Amino acid sequence: MIVRKLEELKGTDAEFKAAKGTWTSRRMLLAKDKMGFSFHDTLIHAGTETYIHYANHLEAVYCVGGKGELQDLDNGVTYPLYDGVMYALNGHERHYLRAEEELRMICVFNPPLTGREDHDENGVYPLLTEED
């Protein structure tokens, strides 16, 4: 059994801050935990916009706080984000994530992240393994 507390992850290498400063991810489960997915408590910082294209991963996200929007660039639809809204990127959709207020998002990735990923210039996480 794995039990982790958010307060114990803060300030450790499990708390990853994006190079562009738009988000902070507290990575609670990673590939090394052998669960088949990774699990993250992520803050999208207020007043930011992040371009994302998970070409190598599927992601499900549940908003548990804040206010913002998700713009799907593949179909042109913009969805409001607030506590209680879930979205799943099941088609590797290119999108913008915008935070009017700080958003707190609970995220699951498949395949699981290693914890070293950050978005590249195309908004993509590289497909890393524990051996990389």
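A pocket is an open set of grid points with protein on both sides within 12 Å along at least five of seven lines. The model described here is predicted, and its largest pocket holds about 200 Å³ of space. Lining this pocket are 13 residues, of which Asp13, Ala14, Leu30, Lys32 and Thr114 are the closest to its centre. By kind, the lining residues divide into four nonpolar, two polar and seven charged.

**The loop between S2 and S3**

Leu30, one of the residues closest to the centre of the largest pocket, has its place in the loop between S2 and S3. Leu30 counts as buried because its relative accessibility is 9%, and buried means under 20%. Leaving aside neighbours within four places in sequence, Leu30 is in contact with Phe37, Ser38 and His40, and also with Pro112, Leu113, Thr114 and Gly115. The C-alpha atoms of Leu30 and Gly115 are separated by 6.4 Å, although the two residues are 85 residues apart along the chain.

Asp33 is found in the loop between S2 and S3. With 16% relative accessibility, Asp33 also counts as buried. A polar atom of the Asp33 side chain lies 2.8 Å from the backbone nitrogen of Leu30. Not counting residues up to four places away in sequence, Asp33 touches Ile2, Arg4 and Met28.

Lys34 lies in the loop between S2 and S3 too. Is Lys34 buried or exposed? Lys34 is exposed, because its relative accessible area is 68% and the cut-off for exposed is over 50%.

**Backbone angles**

Most residues other than glycine have a negative phi, and most peptide bonds are trans. Against that background, the table lists residues with a positive phi.

| Residue | Place | Phi |
|---|---|---|
| Lys34 | loop between S2 and S3 | near 60 degrees |
| His92 | loop between S8 and S9 | near 55 degrees |
| Gly76 | hairpin of S6 and S7 | near 80 degrees |

Lys34 and His92 are residues other than glycine. His92 is partly exposed, with a relative accessible area of 30%. The hairpin that holds Gly76 has five residues between its strands.

The peptide bond from Asn110 to Pro111 is cis, and its omega is near -5 degrees. Pro111 has its place in the segment after S10.

**Strand pairing**

Strand S9 (94-99) pairs with strand S4 (residues 49-53) through five bridges, and the two run antiparallel. In this pairing His53 stands opposite Arg94. Five bridges also join S9 to strand S6 (residues 67-72), again antiparallel. Here Leu70 has Leu97 as its bridge partner, and Gln71 has Tyr96.

S6 is joined to strand S7 (residues 78-82) as well, by five bridges in an antiparallel arrangement. Which residue of S7 is the bridge partner of Gln71? The partner is Thr78. Gln71 thus has a bridge partner in S7, Thr78, and another in S9, Tyr96.

The residues of S6 fall on two faces: Gly68, Leu70 and Asp72 form the covered face, while Lys67, Glu69 and Gln71 form the uncovered one.

Strand S8 (residues 86-89) likewise has a covered face, made of Tyr87 and Leu89, and an uncovered face, made of Met86 and Ala88. S8 is joined to strand S5 (residues 58-65) by four bridges, and these strands run antiparallel. Leu89, on the covered face of S8, is the bridge partner of Glu59.

**The enclosed space**

Rolling a probe the size of a water molecule over the atoms shows where empty space is left. How many cavities of 30 Å³ or more are counted? The count comes to one cavity. About 140 Å³ of space lies in the largest cavity. Of the 18 residues that line this cavity, Thr42, Ile44, Tyr54, Glu59 and Cys107 are the closest to its centre. Strands S2 (23-29), S3 (38-44), S5, S9 (94-99) and S10 (103-110) each give two or more residues to the lining. The lining residues of the cavity divide into 11 nonpolar, five polar and two charged. Glu59 therefore appears in two settings, as a residue among the closest to the cavity centre and as the bridge partner of Leu89 in S8, with charged being the class for Glu.

Definitions and conventions
Residues numbered from 1 in each chain as written. Predicted model: local features only at pLDDT ≥ 70, side-chain atom pairs only at ≥ 80, totals over all residues. Heavy atoms only, no water. Buried < 20%, exposed > 50% of the residue type's maximum accessible area, 1.4 Å probe, protein only. Pairing = 2+ DSSP bridges. 1 Å grid on protein atoms, 1.4 Å probe; cavity = no way out; pocket = protein on both sides within 12 Å on 5 of 7 lines; lining within 4 Å. Points joined across faces, edges and corners; volume = space filled by probe spheres on them. Polar contact = N/O pair within 3.5 Å; in protein donor to acceptor, adjacent residues only side chain to side chain. Contact = heavy atoms within 4.5 Å.
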